[in-house]
Structures are given as structure tokens and as C-alpha cells.
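Colleague: Please take one well-packed part of this model and describe it closely, starting from a single residue and working outwards. Then set that part against the rest of the chain.

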Amino acid sequence: MKSTGMLIAIDMYNCKEEHLEDSKVLSQALFALAEKYVMAPHDVQIYKEKNDLDYALFIACYGGHITFHIYPDRGYVGADVFTIDETAEPDAFARAAMNFLDPDKLKVTYVQRQDYGSRKDMKPR
């Protein structure tokens with residue numbers, strides 16, 4: 001069975017505070033990066049969390065999505081980048097976003113969607 005897409009999950013710790021404070025500025029920067037790296041974005045939404053400090057960004061893309069959960073007081077950003085578009089450059093987008101946010105530490109995980117490989121924990125139940 002052919003794979004239907006790639007998911008990149010990113011945990012970023014101790015990101016630059018000035019990049020996390022203004023949700024509109026960050027959403028515009030990430031949308032511009034999504035355009036640059038052919039992620040085919042068509043909409044961006046900002047969702048405030050209950051504490052009115054933390055927020056999430058959702059960028060709807062043709063053939064995928066980009067989500068960022070931002071916690072400014074912790075300096076933490078959790079992000080998912082997903083696409084099935086073969087012309088998109090999700091790795092380049094992810095690297096550019098990480099460079100922009102400039103975390104001290106990060107963890108990047110790649111998941112090939114619909115990959116029924118040998119890893120038992122990745123098989124559908």
C-alpha cells in the first residue's frame with residue numbers, strides 16, 4: 001500500500017520570547033514560510049487558550065495542515081506539519097520555522113502516515 005503522507009512532530013523548548021508574544025505576528029510569519037515552502041496554505045486561525053496567554057495556530061493547507069501550540073510563559077512550542085502534497089517541502093518548512101523560533105532544545109519525530117511497517121506501536125488497531 002502506498003503511503004499517504006508525512007507527519008513531522010516538533011517539540012521546541014526555550015524558544016525566543018519575542019517570537020511567541022504576538023500571535024498575529026507569529027501567524028503571519030509562519031503563513032509566509034508555508035507559502036515559501038509550497039505547503040499551499042489557504043487559511044490561518046488563532047485560538048486563544050482558557051488562560052488567554054497560551055494559544056494555538058492552525059494553518060489549513062491543501063493536502064494537509066500545520067498546527068502550532070504556543071506556551072509563551074514556558075517558552076515551549078509543539079508543532080505538527082502534515083502533507084500528502086508531493087510538491088510541498090515540509091522538511092524545509094519545519095527547518096525554517098525552527099530557525100525562526102530558535103529553541104535551545106528540540107525533538108523532531110517523523111511519522112509516515114498509513115505505513116503498516118514492522119513497528120507494532122504504529123500499526124492500526
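Modeller: I start with Met 12, which, leaving aside its neighbours within four places in sequence, is in contact with Phe 68, Gly 75, Tyr 76, Val 77, Ala 79, Met 98, Leu 101, Pro 103, Lys 105 and Leu 106. The model is predicted, and what follows is computed from it.

Met 12 belongs to the largest nonpolar core, a set of 29 residues. Together with Leu 30, Ile 66, Phe 68 and Phe 93, Met 12 is among the residues that touch the most other members of that core. At least two core residues come from each of strand S1 (5–13), helix H2 (23–36), S3, S4, strand S5 (76–83) and helix H3 (90–101). Helix H3 gives the largest share, seven residues. In soluble globular proteins, nonpolar side chains tend to be buried together.

Phe 68, one of the contacts of Met 12, leads into the sheet. Phe 68 in S4 is the bridge partner of Leu 57, and Leu 57 in S3 also stands opposite Ile 46. Strand S3 (residues 55–61) is thus a convenient place to follow the pairing on both sides. Seven bridges join S3 to strand S2 (residues 41–48), and the two run antiparallel. S3 also pairs in the antiparallel sense with strand S4 (residues 64–71), again over seven bridges. Six of the seven residues of S3 are buried, which leaves this strand mostly covered.

Both connections are hairpins. Six residues separate S2 from S3, and in that turn Asp 52 has a positive phi of about 65°. Between S3 and S4 there are two residues, and Gly 63 in the turn has a positive phi of about 85°.

Tyr 76, another contact of Met 12, leads to the aromatic rings. The structure holds three aromatic pairs. In one of them, Tyr 13 and Tyr 76 are tilted, with 5.3 Å from centre to centre and 45° between the planes. Tyr 13 lies in strand S1 and Tyr 76 in strand S5, so this pair ties together parts that are 63 residues apart in sequence. Tyr 13 has a relative accessible area of 35% and is therefore partly exposed, falling between the limits of 20% and 50%. Ring pairs also bring in Tyr 71, which forms a cluster with Tyr 13 and Tyr 76.

Two cysteines deserve a word. Cys 15 is buried, because its relative accessible area of 6% is under 20%. Cys 61 is buried too, at 7% relative accessibility. The disulfide count nevertheless comes to zero.

As for the rest, the protein chain has three helices and six strands, in the order β-α-α-β-β-β-β-α-β from the N terminus on. Of its 125 residues, 40% are buried. Among contacts with a separation of 6 or more, 59% involve residues 24 or more positions apart. The accessible surface of the chain comes to about 7600 Å², and carbon and sulfur atoms account for 49% of that.

Notes: Residues numbered from 1 in each chain as written. Predicted model: local features only at pLDDT ≥ 70, side-chain atom pairs only at ≥ 80, totals over all residues. Heavy atoms only, no water. Buried < 20%, exposed > 50% of the residue type's maximum accessible area, 1.4 Å probe, protein only. Helix = DSSP H or I, 4+ residues; strand = E, 2+ residues; numbered from the N terminus. Pairing = 2+ DSSP bridges. Disulfide = S-S within 2.5 Å. Contact = heavy atoms within 4.5 Å. Areas by Shrake-Rupley, 256 points an atom, 1.4 Å probe, with all protein chains shown as cover. Core = buried A, V, L, I, M, F, W, Y, C linked by side-chain atoms within 4.5 Å. Phe/Tyr/Trp six-rings, centres within 6.5 Å; stacked < 30°, edge-to-face > 60°.
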